[in-house]
Structure formats: structure tokens, C-alpha cells
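The following exercises are to be worked through with the sequence and the coordinates side by side. Each task is followed by a solution that proceeds step by step.

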Amino acid sequence: MSSMRVRKGDMVQMLTGKDRGKQGRVIEARPRERRVIVENLNTVKRHSKPRPLSDASRMGGTQMTPGGVIEKPSPVPVANVMVVCPTCNRPTRIGMKEKTVKDKLMHVRVCKRSDCGEEIDK
């Protein structure tokens, strides 16, 4: 299985689902699951009970984590997002090029749009 071409910190655009067309930054990439977590997109509501913190007892009374409804982003399949090129600011497919830096061969991600073709990793 090839590694994912979407990495942590990339700006991506959603292609499907309720957040289709929106853009956000990748918080976490999970290559084994082929999923990414995008900031403030694909949010789910989780109901949680207030629970005591584990090591807060030495500060007097027990501290509690607040309960209630919390919204958190959930993982999205990598096929449902597209990387936004930082130079042309449009969603693009990603190509790979080999580049030599200080006599070492490196693989660099490249924008596949015909009028751009710039490197994504700076």
C-alpha cells in the first residue's frame, strides 16, 4: 500500500458530504486507516459526563472535566479530500517528482495543474 499524499498541516478541500466545498487544515493523518482529521469539518456531537481529573487531588478539592455536548472533528476518508495548492490556491491532484538536494535524492509533492506545476513542499 502506498503512503498517503495528504500530510498533517496541509490545506484541503472537502469533495463530498455535508461540508462539501469547504476548506480546512489537516490536524492528523492516519495512513493505516487511510483517513485524515480536518479542522472544524465533519464535526460530530458527543455527550459526555463530568468526570474528575486524575491527578488534581493535591490542589485541594477534586477538579472536574465539564460535561455536556462537545463537538469534535471526526476522521474523513482520504479520497474525500483534495489538497489545495499553496501557490495557485486551487484544489489539485498531487504528483511526485525526484529532486536532488546536497547529493541526496528526495521525493517532492507537486501540483498537477498544467498552468501551475509548483512544489507543494517548501
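A residue is called buried when its relative accessible area is under 20%, exposed when that area is over 50%, and partly exposed in between. The model is a predicted one, and side-chain atom pairs in it count only at pLDDT 80 or more.

**Exercise 1. The chain as a whole**

Task: Determine the secondary structure content of the protein chain, and decide whether its radius of gyration agrees with the globule rule.

Solution. Step one is to list the elements: the protein chain has zero helices and 12 strands, and its pattern along the sequence is β-β-β-β-β-β-β-β-β-β-β-β. Step two compares the radius of gyration, 20 Å, with the 14 Å that the globule rule gives for 122 residues; the value for the protein chain is well over the rule, so the chain is more spread out than a compact globule. Step three adds the extents along the principal axes, where the C-alpha atoms fill a box of roughly 60 × 40 × 30 Å.

**Exercise 2. Burial, surface and charge**

Task: Describe how much of the protein chain is buried, what its exposed surface consists of, and how its charged side chains are distributed.

Solution. Applying the 20% cut-off, one finds that 25% of the 122 residues count as buried. The exposed area of the protein chain is about 8,900 Å², of which carbon and sulfur atoms supply 49%. Counting charges gives 27 positive and 13 negative side chains, and the centres of these two sets are 5 Å apart. As for contacts between residues at least 6 apart in sequence, 46% of them join residues at least 24 apart.

**Exercise 3. Two buried polar residues**

Task: For Q13 and R109, establish the location, the burial class and the polar contacts of the side chain.

Solution. Begin with Q13, which belongs to strand β1, residues 11-14. Its relative accessibility is 16%, and Q13 therefore counts as buried. The side chain of Q13 makes a polar contact of 3.1 Å with the side chain of Q23, and, once neighbours within four places in sequence are set aside, the contacts of Q13 include G21, K22, N80, V81 and P91.

Turn next to R109, which sits in strand β12 and, at 2% relative accessibility, counts as buried. A polar atom of the R109 side chain lies 2.6 Å from the backbone oxygen of R5. Beyond four places in sequence, R109 touches residues among them R5, V6, R7 and D10, as well as I94, G95 and M96, and also E119, I120 and D121.

**Exercise 4. From E98 to R109**

Task: Is E98 buried or exposed, and what separation in space corresponds to its 11-residue separation in sequence from R109?

Solution. E98 lies in strand β11 and has a relative accessible area of 54%, so it is exposed. The C-alpha atoms of E98 and R109 are 9.0 Å apart, for a sequence separation of 11 residues. With residues up to four places away left out, E98 touches L105, M106 and H107.

**Exercise 5. Partly exposed residues outside the strands**

Task: Place L53 and E118 relative to the strands, and state which residues they touch.

Solution. L53 is found in the loop between β5 (51-52) and β6 (64-65), and its 39% relative accessibility makes it partly exposed. L53 and M64, although 11 residues apart along the chain, have C-alpha atoms separated by 5.7 Å; residues up to four places away not being counted, L53 touches Q63 and T65.

E118 falls in the segment after β12 (104-111) and, with a relative accessible area of 38%, is partly exposed. Its C-alpha atom is 8.9 Å from that of P86, 32 residues away in sequence, and, under the convention that omits residues up to four places away, E118 touches T87, V110 and C111.

**Exercise 6. Positive phi angles**

Task: Where do N40 and K102 lie, and what are their phi values?

Solution. N40, a residue other than glycine, has a positive phi near 60°; N40 is located in the loop between β3 (35-38) and β4 (43-48) and is exposed, with a relative accessible area of 63%. K102, likewise not a glycine, has a positive phi of about 55°; K102 lies in the loop between β11 (94-101) and β12, and its 78% relative accessibility places it in the exposed class.

Technical notes
Residues are numbered from 1 along each chain as its sequence is written. This is a predicted model: local features need pLDDT of at least 70, side-chain atom pairs count only at pLDDT 80 or more; totals for chains, interfaces and linings use all residues. Side-chain values use heavy atoms; hydrogens and water are left out. Helices (H or I, at least four residues) and strands (E, at least two) are DSSP runs, numbered from the N terminus. The radius of gyration is taken over C-alpha atoms; the globule rule is 2.2 Å times the number of residues to the power 0.38. Buried means under 20% relative accessible area, exposed over 50%, partly exposed in between (1.4 Å probe, protein chains only). Contact means heavy atoms within 4.5 Å. Accessible areas come from the Shrake-Rupley method with a 1.4 Å probe; for residues, only the protein chains shown count as cover. Lys and Arg count as positive and Asp and Glu as negative; His and the chain ends are not counted. The place of a charge is taken as NZ of Lys, CZ of Arg, CG of Asp or CD of Glu. A polar contact is a pair of N or O atoms within 3.5 Å; within protein, one must be able to donate a hydrogen and the other to accept it, and residues adjacent in sequence count only if both atoms are side-chain atoms.
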